[in-house]
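User: Here is a chain I would like to go through by question and answer. Please keep the reasoning short.

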Amino acid sequence: MSDEATVTSAEIARLANVGRAAVSNWRKRHPDFPEPVGGTSTFRRDEVEQWLRKQGKLADATAADAVWRVLDAQPNALDLVADLAAYVADQPGTKPSAEVRDLLDGLPASERADLVEALCSRVFERQQRQHLMTPTGLSHLMVELAAPLAGVVFDPACGSGNLLHAADQAETLVGQELDQTLARLARARLNTEIAVGDALRADAFPDLRADTVLCDPPFGYRDWGHEELGVDPRWEYGFPVKGEAELAWVQHCLAHTKPGGTVVIVLPASVSSRRSGRLIRQALLRRGAIRAVVALPAGALMSTGIALHLWVLRNPAEQGVDPVLLVDASHHQPPRRGQVDWASLEAEVLHPWREFRETGSVTDIPGRCRAVEAIELLDEDVDLTPALHLPPVPVELDLTAVAAAQSRVTRLLGELGELLPAVRQAPRATRVMTTIHDLSRAGALALFQQAGPVNTREGGAGPRVLTGRDVVAGESPTGRVSASEHVIPLQRGDVVVPMLAAGDAVVRPVVIEEDDLALGPNLQLLRVDETRMDPYFLAGQLRGAKPRTFSSTLSGVHRTDVRRIEVPVLDLERQRVLGEAFRRIAAFQTGVELAAGLGTELAAQLIEGLADGAVEPGD
C-alpha cells in the first residue's frame with residue numbers, strides 16, 4: 001500500500017476533530033472500523049473517510065487539511081513542506097505547486113505561519129520520519145531547564161528546528177543541521193541562520209560561544225569522525241572512544257558555550273553508565289560541568305523504546321564543583337511510545353530543579369530526587385544513573401489488608417478443588433453438528449448486536465453497559481447509560497461473546513447471571529430458548545471452538561464470527577449435564593485467575609516488606 005493512500009491514528013483524529021484516545025476507542029468498539037494496513041495504526045484514507053462520513057464524524061476540512069492532501073499525495077512530502085515553509089517566509093527556493101499557492105494566497109498572512117506548523121506536525125508523524133524531530137513536550141522541558149534564556153541559543157543538531165522554536169524568546173537563534181531539507185525547513189520556520197553540515201566533522205561556527213546550547217543529537221552511530229578528530233581542541237574532558245559519539249556531542253556543546261553558560265542535552269540512559277565513558281564522566285564531574293541528570297521513561301520518544309536521560313551542564317569557568325541534582329522521572333511510563341504525559345512529568349522535574357537552582361540544594365524525595373555531592377559519584381564506575389543514588393521509597397504495608405488478602409487467597413484455594421467435575425474416558429462416536437447460524441434460523445436462539453455507540457457515564461440512570469473489554473478482562477462494568485438512550489437489556493441466561501479475541505484466538509463467552517446490565521459495544525448476544533438449549537452448554541462449546549472459525553487481522557487480533565461456530569446436536573437433558581460441567585470449569589478457571597492475581601500481589605508485598613525491614617516474621 002502506497003504511503004499517499006494511508007492515514008495514521010493521529011491523522012484520523014484530526015479528520016474527526018477528536019483526540020487520539022477516541023480513535024482507539026472506535027477501533028475497539030466498532031467491528032466495522034476499517035482494518036489497518038502495513039502496521040497496527042495505518043489505514044486506507046478512503047476507507048476511513050467513508051466510515052467517518054457514515055458515522056457523521058467527519059469534521060469540516062481546514063486549510064491545513066486541503067494543503068496536506070496535495071502534499072501527502074507526493075512521495076517527497078518533507079521536501080514539499082520545506083518548499084512551502086520557505087515560500088511563506090519569503091525565502092529563496094522551489095515554489096510550491098500552483099494549487100498549493102492558490103490555497104496559501106487565500107489565507108491571511110497571520111494564519112500562514114500556523115499552517116506551516118500544522119504541516120510540520122503532520123509530516124513528522126509518519127513512522128519513517130519520527131526520529132527527525134524532538135517532541136514538543138520534551139522541547140518545552142529542555143527550554144525550561146535552561147531558563148531564563150538570554151542572548152544566543154545554539155542547537156548544533158537542530159533537525160527541523162523544534163528545540164529552537166521552543167526557545168524563540170531568546171534574542172538570537174543559531175543552528176546547524178546535516179540534512180539539507182531539514183535545515184531549509186528550520187531556516188524557514190525560524191527565519192534565522194541555520195548552517196548545513198556535520199557539526200562534529202565540519203563545525204560551521206568554530207568561534208561561536210552561546211549563552212545556551214540545546215541539543216537532541218542522533219543516537220547510537222559510530223561513524224562520527226573518530227579517526228580524523230583525534231587532536232580536536234573540543235575534547236577538553238577526554239577523547240571519546242568510537243562507541244561514545246554522545247560524549248563527543250556533550251563536549252561539542254560545552255565548547256560552544258560561554259563561561260557559566262548552560263547546556264541541556266538528550267542522551268540515551270546508557271551514556272550515564274557505560275564503562276567506556278567513565279573517564280570523561282569523571283572529568284566532567286571533577287571540573288563541575290554536570291549540574292543535573294534527569295531520567296526520563298522508556299518510550300518517551302515515538303521512534304525508539306530506549307530510556308533517555310537529560311543532562312544539564314555548564315561551562316564551569318571558575319565556579320568550582322557544586323552538588324549534582326539527580327531526578328528520576330522514569331515512572332511516568334507512557335501507555336504507548338510517544339504518549340508521555342509531559343505536563344505531569346515536567347512539573348515533577350522542574351519543582352526540584354528550580355529549588356536546586358535557587359538554593360544549591362533540594363528536599364530529598366525517596367525514589368524521586370536528591371542533590372548529591374560530586375565526590376559521591378566519583379567511584380570506580382562513575383555511574384550517573386539517578387535511581388542508583390536516590391534514597392529508596394520506604395515500604396509501607398497495611399497489615400490488616402495483608403491479613404485479609406491472606407485469608408481470601410487461602411479460602412479461594414480451598415474452594416477451587418471442589419469445583420472441578422470428575423471426568424472419565426468417553427467412547428469416540430460421530431456427532432451430528434450444527435452452526436450457530438442454523439440454530440438461529442431454527443429459533444433455538446436469537447443473535448443481537450448493539451447498533452451504534454453507547455454513551456456512558458458514572459452517574460447515568462440506566463443500566464450498566466457491559467463491553468467486550470469488560471468480558472475479556474473479567475471486570476465488572478462501571479458506566480451507565482441515561483434512561484432515555486436505546487440499549488438492549490441483558491437477561492439472566494443470555495450468552496455474550498466478545499467480537500475480538502487476542503493472539504490465542506480463544507473465545508471467552510460469559511453467561512449473564514445478574515440484573516441491571518445492557519449490551520455494549522464489541523459484543524455479540526446469543527439469547528437461547530431455554531426449552532431447547534442450555535446456555536451453559538452453549539457457552540462451553542463456544543469456549544472450546546477451534547481456531548479455524550476465526551479471521552485474523554494484521555495487528556494479531558482475531559475477529560470472532562460466532563455464526564460459523566459449530567455445536568453438537570444433543571437433547572436438552574444431555575445439554576444440561578454438560579452445561580453444569582462447563583459452568584463448574586468456568587468458575588474454577590475464574591477462581592484460579594483471581595487467586596493467582598491476588599497471590600502474586602500478596603507475595604510481592606510480603607517479599608518487599610521483609611526485604612525492606614518494614615515487617616518481620618510473626619510467631
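User: Which element supplies the largest share of the largest nonpolar core?
Analyst: In this predicted model, the largest nonpolar core has 42 residues. Those with the most contacts inside it are Val250, Leu254, Ile265, Leu284, Ile290, Trp311 and Leu313. At least two residues each come from β3, β6, α11, β7, α12, β8, β9 and β10. The largest share, seven residues, is that of α11.

User: How many residues does the second, separate core have?
Analyst: Apart from the core of 42 residues, there is a second one, which includes Leu149, Leu173, Ala186 and Leu296. The size of this second core is 41 residues.

User: Which two residues does the cis peptide bond join, and in which loop is Pro148 placed?
Analyst: Most peptide bonds are trans. Here omega is about 0° for the bond that joins Ala147 and Pro148, a cis peptide bond. Pro148 is placed in the loop between α8 (136-146) and β3.

User: Is Asn191 buried or exposed?
Analyst: Asn191 has a positive phi of about 50° although it is not a glycine, and its place is the loop between α10 (180-190) and β5 (193-196). The relative accessible area of Asn191 is 60%. Since the cut-off for that class is over 50%, Asn191 counts as exposed.

User: Where does Asp516 lie, and what is its exposure class?
Analyst: Asp516, also not a glycine, has a positive phi of about 65°. Asp516 lies in the loop between β17 (510-511) and β18 (517-519). Its relative accessibility is 35%, so with buried under 20% and exposed over 50%, Asp516 is partly exposed.

User: What is the orientation of α18 to α19?
Analyst: Two packed helices are described by the angle between their axes and the distance between the axes. For α18 (residues 535-543) and α19 (residues 572-612), the axes come within 7 Å and cross at roughly 60°. The crossing is left-handed. The angle makes α18, relative to α19, oblique.

User: Which residues meet where α18 contacts α19, and how many of them are nonpolar, polar and charged?
Analyst: From α18 come Tyr536, Phe537, Gly540, Gln541 and Arg543. They meet Gln575, Leu578, Gly579, Phe582, Arg583 and Gln589 of α19. By class, the residues of this contact are four nonpolar, five polar and two charged.

Notes:
Residues numbered from 1 in each chain as written. Predicted model: local features only at pLDDT ≥ 70, side-chain atom pairs only at ≥ 80, totals over all residues. Heavy atoms only, no water. Core = buried A, V, L, I, M, F, W, Y, C linked by side-chain atoms within 4.5 Å. Buried < 20%, exposed > 50% of the residue type's maximum accessible area, 1.4 Å probe, protein only. Helix = DSSP H or I, 4+ residues; strand = E, 2+ residues; numbered from the N terminus. Axes fitted to C-alpha atoms, helices over the stretch in contact; angles between N-to-C directions. Parallel < 35°, antiparallel > 145°, perpendicular 65-115°, else oblique. Left-handed = near helix turned anticlockwise from the far one by under 90°. Contact = heavy atoms within 4.5 Å. Nonpolar A, V, L, I, M, F, W, Y, C, P; charged D, E, K, R; others polar.
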